[in-house]
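Reader: Hi! I have this model open on my screen and would love a close look at one helix and at how it fits into its surroundings. Could you walk me through it?

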Amino acid sequence: MRRAMLIINPSSGQEKGLQFEEEAVVALEKQHDEVFVKYTEGEGDATRFAEEASEHRYDTLVSMGGDGTINESVNGLAEKDYKPAFGFVPLGTVNDFARALEIPMNEQRAIKVLEQGHTKPVDIGKIVGERYFMNVLAVGAIAEATYKVTPEQKSRLGPLAYMIEVARAMKDETPFDLSIDFDGKQWEGKAYLVLVALTNSVGGIESFAEHAEVNDGAFHVFIMKEFSLPKVAKLIPDLFRGELKSNEQVEYFTASDMEVSTSLDLVVNIDGDEGMPLPFEASVLHNELNVYVPEKE
Ligand SMILES: Nc1ncnc2c1ncn2[C@@H]1O[C@H](COP(=O)(O)OP(=O)(O)OP(=O)(O)O)[C@@H](O)[C@H]1O
């Protein structure tokens, strides 16, 4: 008897979830005897539903929503003794996790991926003692600028809305003292921004950490060091060419475990949402979840 749970956030992606409910149920019924649908009403619901799916040993958990809903679902599954296979239909603005896994942005095609039933093991990030994440951690006032993006800007401009706020913040930014202990080594220096990417796609830009694989067991750490104006101009072309890690304004390394502290009162941004004050410790949970992905020919 195979059972699937389908979590829908009815408010995600301009309320597209309910529109695709029936199609998703029909797709899941191809490989499951029973499909239970749960609707979120607010923060924490997707986590609770995912915990329930793990506790009651569902074979599959599927979430339809934006990165917020997917993140909450992953938080309900990570490090549980029993974990259902996890699938999702991206309905958000940025959908970094979907981009990294090559899950189509088109809802019907994403639902087809569930029907094919092909899964692969994927890494998850853990902020020790706090929570889990799938895409990226960011530290610096530039990262904090992303909180200023309103839902209206997001639906009007998409990922560009974030870039505009970041560009605004860069104008009057000052560097901070940063210290990262990682895998028995240490990096110390002045920085404007630190990004810890678990996948290639950051802020909707798939070339950000082009070489990152979803299950390489590594964080890809990018530190934007003190920059001089003529040189900073090269950051943008390098970013879109997938060469950010070799830019001379950027320090790059990989790590599987790291502790990050700074001189300023900064808060870590976790997958686009405000997290907790520094310092924090993060580690990679290698091959933590089995996720539905398109089958490669
Ligand atoms: N029924 C609901 N009505 C309103 N908000 C909800 C409901 N259920 C969950 N939420 C809230 O929705 C948020 C998650 O939204 P999510 O990120 O999935 O979609 P989105 O905002 O459309 O996507 P994105 O952030 O990528 O644009 C959570 O903060 C959660 O509390």
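**A close look at helix H4**

Author: Happy to! The buried residues of H4 are Asp67, Thr69, Ile70, Asn71, Glu72, Ser73, Val74, Asn75, Gly76 and Leu77. Put as a count, 10 of the 11 residues in this helix are buried, so H4 is mostly covered. Please keep in mind as we go that this is a predicted model.

What follows H4? Just after the helix comes Glu79, with a positive phi near 65°. Most residues other than glycine have a negative phi.

Now to the domains around the helix. The protein is divided into domain 1, made of 3-123 + 288-292, and domain 2, made of 133-287. Between them, 19 residues of domain 1 are in contact with 25 residues of domain 2. On the domain 1 side of this contact, the elements that give two or more residues are helix H4 (67-77), helix H5 (96-100) and strand E5 (119-127). Which of them has the largest share? That is H4, which supplies 5 residues. By class, this side of domain 1 has 9 nonpolar, 4 polar and 6 charged residues.

H4 also appears at the ligand. A shell of 18 residues surrounds the ligand, and the closest are Glu43, Gly66, Gly68, Thr69 and Gly92. Thr69 also appears among the buried residues of H4. Two helices, H1 (12-15) and H4, each supply at least two residues of the shell, and H4 gives the most, with 3 residues. What is the make-up of the shell by class? It divides into 2 nonpolar, 12 polar and 4 charged residues.

For a record to set beside this, UniProt places the feature "domain: DAGKc" at residues 1-132, in an unreviewed entry. In the model, that span is 38% helix and 27% strand, and its end C-alpha atoms lie 30 Å apart.

Next, the wider interior. The largest nonpolar core has 76 residues, and those with the most contacts inside it are Leu6, Ala24, Leu137, Val194, Leu195, Val196 and Ala197. Strand E9 (residues 185-197) gives the most to this core, with 7 residues. The core draws at least three residues from each of domain 1 and domain 2. Ala24 makes a handy place to zoom in: leaving aside its neighbours within four places in sequence, Ala24 is in contact with Leu6, Val62, Met64, Val89, Ile111 and Leu114.

Strand E9 has another side to show. Lys185 lies in E9, and it counts as exposed because it has 10 C-beta neighbours inside 10 Å. In sequence, Lys185 and Met258 are 73 residues apart, while their C-alpha atoms are 9.3 Å apart in space. Lys30 gives another pair to look at. It sits in the loop between helix H2 (21-29) and strand E2 (34-39), and it counts as exposed because it has 10 C-beta neighbours inside 10 Å. Lys30 and Asp238 are 208 residues apart in sequence and 45 Å apart in space, C-alpha to C-alpha.

Since you may be checking backbone angles, here are some further spots to visit. Asn95 lies in the loop between strand E4 (85-90) and H5, and has a positive phi of about 55° although it is not a glycine. Is Asn95 buried or exposed? It counts as buried because it has 24 C-beta neighbours inside 10 Å. Asp271, in the loop between strand E13 (267-270) and E14, likewise is not a glycine and has a positive phi of about 45°. With 23 other C-beta atoms within 10 Å, Asp271 is buried too.

Further along, Leu278 and Pro279 are joined by a cis peptide bond, with omega about 0°. Pro279 is found in the loop between strand E14 (273-277) and strand E15 (280-292). Most peptide bonds are trans.

Finally, the whole protein as a frame for the helix. There are 11 helices and 15 strands, and 41% of the 297 residues count as buried. Among contacts between residues at least 6 apart in sequence, 73% join residues at least 24 apart. Back at your helix, H4 is mostly covered, gives the largest share of the domain 1 side that touches domain 2, and gives the most to the shell around the ligand.

Terms used: Residues numbered from 1 in each chain as written. Predicted model: local features only at pLDDT ≥ 70, side-chain atom pairs only at ≥ 80, totals over all residues. Domains from an automatic or database assignment. Contact = placed C-beta atoms within 7 Å. Helix = DSSP H or I, 4+ residues; strand = E, 2+ residues; numbered from the N terminus. Nonpolar A, V, L, I, M, F, W, Y, C, P; charged D, E, K, R; others polar. Core = buried A, V, L, I, M, F, W, Y, C linked by C-beta atoms within 7 Å. Buried ≥ 20, exposed ≤ 12 C-beta atoms within 10 Å, placed from the backbone. UniProt positions renumbered as here; feature names shortened; annotations may be inferred. Near = placed C-beta within 6 Å.
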